[in-house]
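Trainee: Could we go through this model together? I would like to start with the overall fold and then look at single residues.

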Amino acid sequence: MAFHRYDAVVVGAGGAGLMAAIQMAGKAKVAVVSKLYPTRSHTGAAQGGISAALGNTEEDHWEWHMYDTVKGGDYLVDQDAAEVLAQEAIDAVYELEHMGLPFNRTPEGKIDQRRFGGHTRNFGEAAVRRACYAADRTGHMIIQTLYQQGIRHNLNFFDEHHLVDIIFTDDGQCAGVVTYEIRTGELHVIHAKTVVIAAGGFGRIFRVTSNALAGTGDGVAIPYRRGIPLMDMEMYQFHPTGLYKLGVLLSEAARGEGGVVRNRDGEAFAVRYAPTLADLAPRDMMSRFIWQEVKEGRGIDGKDYVLLDVSHLPPEVIDEKLPDITDFARTYLGVEPKREGVPIQPTAHYAMGGLPTNVDAQVIRDPQGTIVPGFYSAGEAACVSVHGANRLGTNSLVDLVVFGRRAGKKMLEDIETLDCAELPKDADAFAREQIDSLKARQSGERAADVRKAMQDIMMDNVSVYRDEGLLLEAQQRIGELKESYRNVSIMDKGSTYNMDLLEALELGNMLDLAETIVHGALARQESRGAHYRGDFEARDDVNWLAHSMIYAEPDGSLRLEKKPVVITRFEPKERKY
Amino acid sequence: MEVTLRIKRFNPETDKKAHFEEYVVDVDPRDRVLDALNQVKWYQDGTLTYRRSCGHGICGSDAMRINGRNRLACKVLMQDLGKRVTLEPLMGFRIEKDLLVDMDVFFDKYKSVKPYLIADNPPAHGERLQSPEERHIFDDTTKCILCAACTTSCPVTWMSEDFVGPAAIVNAHRFIFDSRDTAGIERLQILNKGTGVWRCRTVFNCTDACPRDIKVTEAIEQVKRALIFGDQ
Ligand SMILES: Cc1cc2nc3c(=O)[nH]c(=O)nc-3n(C[C@H](O)[C@H](O)[C@H](O)COP(=O)(O)OP(=O)(O)OC[C@H]3O[C@@H](n4cnc5c(N)ncnc54)[C@H](O)[C@@H]3O)c2cc1C
């Protein structure tokens, strides 16, 4: 076992983690822990853009951005947080530019902006150009730029270290983390005053997803097992346009530039459901429109997919603004988007829920907002909540930068005043036991089989459409799979790059999260944003204008509490586009 | 469709030398090589080791030699490879285990060219201006995902350990030709050394290997021209 002491540990080197770390660089002793090399983080997959009301190509105001965010989230958004998001987005984008991010430019040399789903002018009148972008590689440019800054600031990277445990004292202060060094198999205890979880999302719980194989939610599941509640886990976004069967994302930018989605009759059907925004209706709605079309037999060849059509766009727009996503269609489906429609279906994309935090990225432990000293979270792992029941496109990248930055700043402040919490004697005992028992088991279930079963049930029963019957079945199945998981055995017993072991640990994390998603979805007897219940089709503001907070009880059961939504400027209204 | 994968295996804990092992997999023609590898790992031999993450060619984790050419396992489809497929780790780096190599040297070389914007103080409010034409000049080299496919395909890197290699040059190019950057000269001086661009023999392996279709050799040539004519 190796031992280290730091002022701050940043878990995750995606956009949120790097942004937090950069704030502290040179001012505190910071360790950045990541199971992947930083540039492999899934922030690099983000395509379409990052929104900020710069008003570079047409009039725009942060209040409009805030409104769209609140409405897009079906009013489950905490409006104090949305205000911070929309206001600070502007500076955050400029900061990225100053760091060197190569945005596309307007003829005058300013950052260019384009349309994106749910972003409107003047409180819903019409689509507005708000998404700043670098072709369809915005996330790639963000992760590269932030990593470059990390090198420049000489950040201390613990690359290929896998978080396996988080240490809290008995009175609830965070004391550090335990990581597993993938190269050697050695455990490291990092004793720290502050820890921020920026370990990303968990799309891999579902069969069809846009998320990386590394998107297994470790950073969310581990604190949950340590008593931290998870918020709004039932709010999981399905993006309407994933490549058929593969789930690889085709950005909303395709529709922002004028693409449309067509059914078997060639009809661009979105306008029938959303007369004002049509194909730029928010994702939860678009995914449901597709689901409805398929259900009514208008999928292509009667199957469960439809077509994304950009063939009417000028070829130079496709080459200049959508080069990567059209390349995906060619590479993986052998389809030429300049001539034909691309087969797509909704794909598991983004976790609105996660570790509950306040606007300073401090993790809270109850509906009253009591903070967990020394413990922070930002990015997709966190739930501030700026996305509510449905995230708008481009708002995650904003979230990473704005709240990653806030996390770093708050940690810097707290490092001055917090005392390092005392470490328990056997800080790595739990992690060691977990690993040893997985390695020791000589035979048993294959992790791949359990994982596949989990992904199938979550996709079939807990995705775009849910109802009590489907959810109860999923609950039972996940329970059985958790039982099977106790018998999972691995073939690789070695210490060097034992990915077999890590995949098994990741599966354990995903099963715990899957259970919370189902639990939240069963409890929430209404339809709101991404959470659609066929048996409760209406939104229920009387009972459910509230966040869910789910706790793991010592006896293995789950407990749910409600936390009121913060409403400041915009009273909940019916959500129409 | 049945395919035989010939995979180069090496476990530092038990093996003195690398050797090949064969696995038969049943794949869909449209499956990626990565899918075939996962099939082996998940259902046949859990000890098989490689890096992977995004699965669609943007994170740069799974560069390897596929039938002798450097490719990303997630960007090559099985239908394009035939019935026997040979998979080996990238050449020129120390093998850690199976298809997974030590990337430290690669990242050290990348860091040696100062791959970050060096510029005067930004405006107090708003962005630095840059015309679409200025932005276009370095567009190609912004696409690099640091997968090392180019560097490990270059015969010069195989021969001489100290050559910075194509990927580092690509990333230097990205800043040398960025109108906002002020440290182009510094980077050119680094690349003018014995370890820099003059080692390049214009073999074009790097360009062929790049999964992002970056015109790597051309970028290297532009750096050479900037060194000779000062036209950056
Ligand atoms: C295909 C795609 C396109 C998208 N496009 C857009 C877009 O255009 N606009 C937008 O706003 N949003 C977009 N999103 C969403 C957005 O990209 C993500 O939500 C966001 O990048 C997540 O960033 P993050 O920093 O929270 O986590 P990530 O970038 O996912 O990083 C997670 C980090 O945590 C580390 N980590 C994870 N587990 C562990 C562990 N156990 N131990 C140690 N380290 C660990 C990883 O190594 C990684 O460094 C897109 C998402 C996808 C999938």
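What follows is a set of questions and answers on chain A and chain B.

Trainee: Before we start, what kind of model is this?
Mentor: Local features are read only where pLDDT is at least 70. That condition applies because the model is predicted.

Trainee: How many helices and strands does chain A have?
Mentor: Take the elements of chain A from end to end. The totals are 16 helices and 22 strands.

Trainee: What radius of gyration does chain A have, set against a compact globule?
Mentor: Chain A has 577 residues. For that length, a compact globule would come near 25 Å. The chain agrees with this, at 22 Å.

Trainee: What share of chain A is buried?
Mentor: A residue counts as buried under 20% relative accessible area. Of the accessible surface of chain A, about 18000 Å², 46% belongs to carbon and sulfur atoms. Of the 577 residues, the buried share is 70%.

Trainee: What percentage of the contacts in chain A join residues at least 24 apart?
Mentor: The count takes in contacts between residues at least 6 apart in sequence. Of these, the share joining residues at least 24 apart is 74%.

Trainee: How far apart do the centres of positive and negative side chains lie in chain A?
Mentor: There are 64 positive and 84 negative side chains. The centres of the two sets are separated by 2 Å.

Trainee: Is helix H10 of chain A mostly covered or mostly uncovered?
Mentor: H10(A) runs over residues 323-333. Among its buried residues are Ile325(A), Phe328(A) and Tyr332(A). They are part of a set of nine out of 11, so the helix is mostly covered.

Trainee: Which elements do the buried residues of H10(A) pack against?
Mentor: Two partners are helices and two are strands, all in chain A. The helices are H6 (253-256) and H9 (315-321). The strands are E11 (236-243) and E14 (342-351).

Trainee: Which residue follows H10(A) with a positive phi?
Mentor: The phi in question is near 65°. The residue is Gly334(A).

Trainee: Why does Ile90(A) count as buried?
Mentor: Ile90(A) lies in helix H3 (residues 79-99) of chain A. It touches Ala52(A), Ala53(A), Leu54(A) and Trp62(A), leaving aside residues up to four places away in sequence. The cut-off for buried is under 20%. Ile90(A) meets it because its relative accessibility is 17%.

Trainee: How far apart in space are Ile90(A) and Ala53(A)?
Mentor: In sequence they are 37 residues apart. From C-alpha to C-alpha, the distance is 6.3 Å.

Trainee: Which peptide bond is cis, with omega near 10°?
Mentor: Most peptide bonds are trans. Here, one partner is Ser385(A), in the loop between strand E18 (382-383) and helix H11 (395-417). The cis bond runs from Val384(A) to Ser385(A).

Trainee: What is the phi of Thr394(A)?
Mentor: Thr394(A) is also in the loop between E18 and H11 of chain A. Thr394(A) is buried, with a relative accessible area of 5%. Its phi is positive although the residue is not glycine, near 75°.

Trainee: Is Leu146(B) buried or exposed?
Mentor: Leu146(B) lies in the loop between H3 and H4 of chain B. Its phi is positive, near 55°. With a relative accessible area of 1%, Leu146(B) is buried.

Trainee: Which side chain makes a polar contact of 2.9 Å with that of Thr141(B)?
Mentor: Thr141(B) sits in the loop between helix H3 (132-137) and helix H4 (155-159) of chain B. It is buried, at 2% relative accessible area. Its contacts include Val170(B) and Ile214(B). The polar partner is His173(B).

Key
Residues numbered from 1 in each chain as written. Chains lettered and ligands numbered in written order. Predicted model: local features only at pLDDT ≥ 70, side-chain atom pairs only at ≥ 80, totals over all residues. Heavy atoms only, no water. Helix = DSSP H or I, 4+ residues; strand = E, 2+ residues; numbered from the N terminus. Rg over C-alpha atoms; globule rule 2.2 N^0.38 Å. Buried < 20%, exposed > 50% of the residue type's maximum accessible area, 1.4 Å probe, protein only. Contact = heavy atoms within 4.5 Å. Areas by Shrake-Rupley, 256 points an atom, 1.4 Å probe, with all protein chains shown as cover. Lys, Arg positive; Asp, Glu negative; His and termini not counted. Charge placed at Lys NZ, Arg CZ, Asp CG, Glu CD. Polar contact = N/O pair within 3.5 Å; in protein donor to acceptor, adjacent residues only side chain to side chain.
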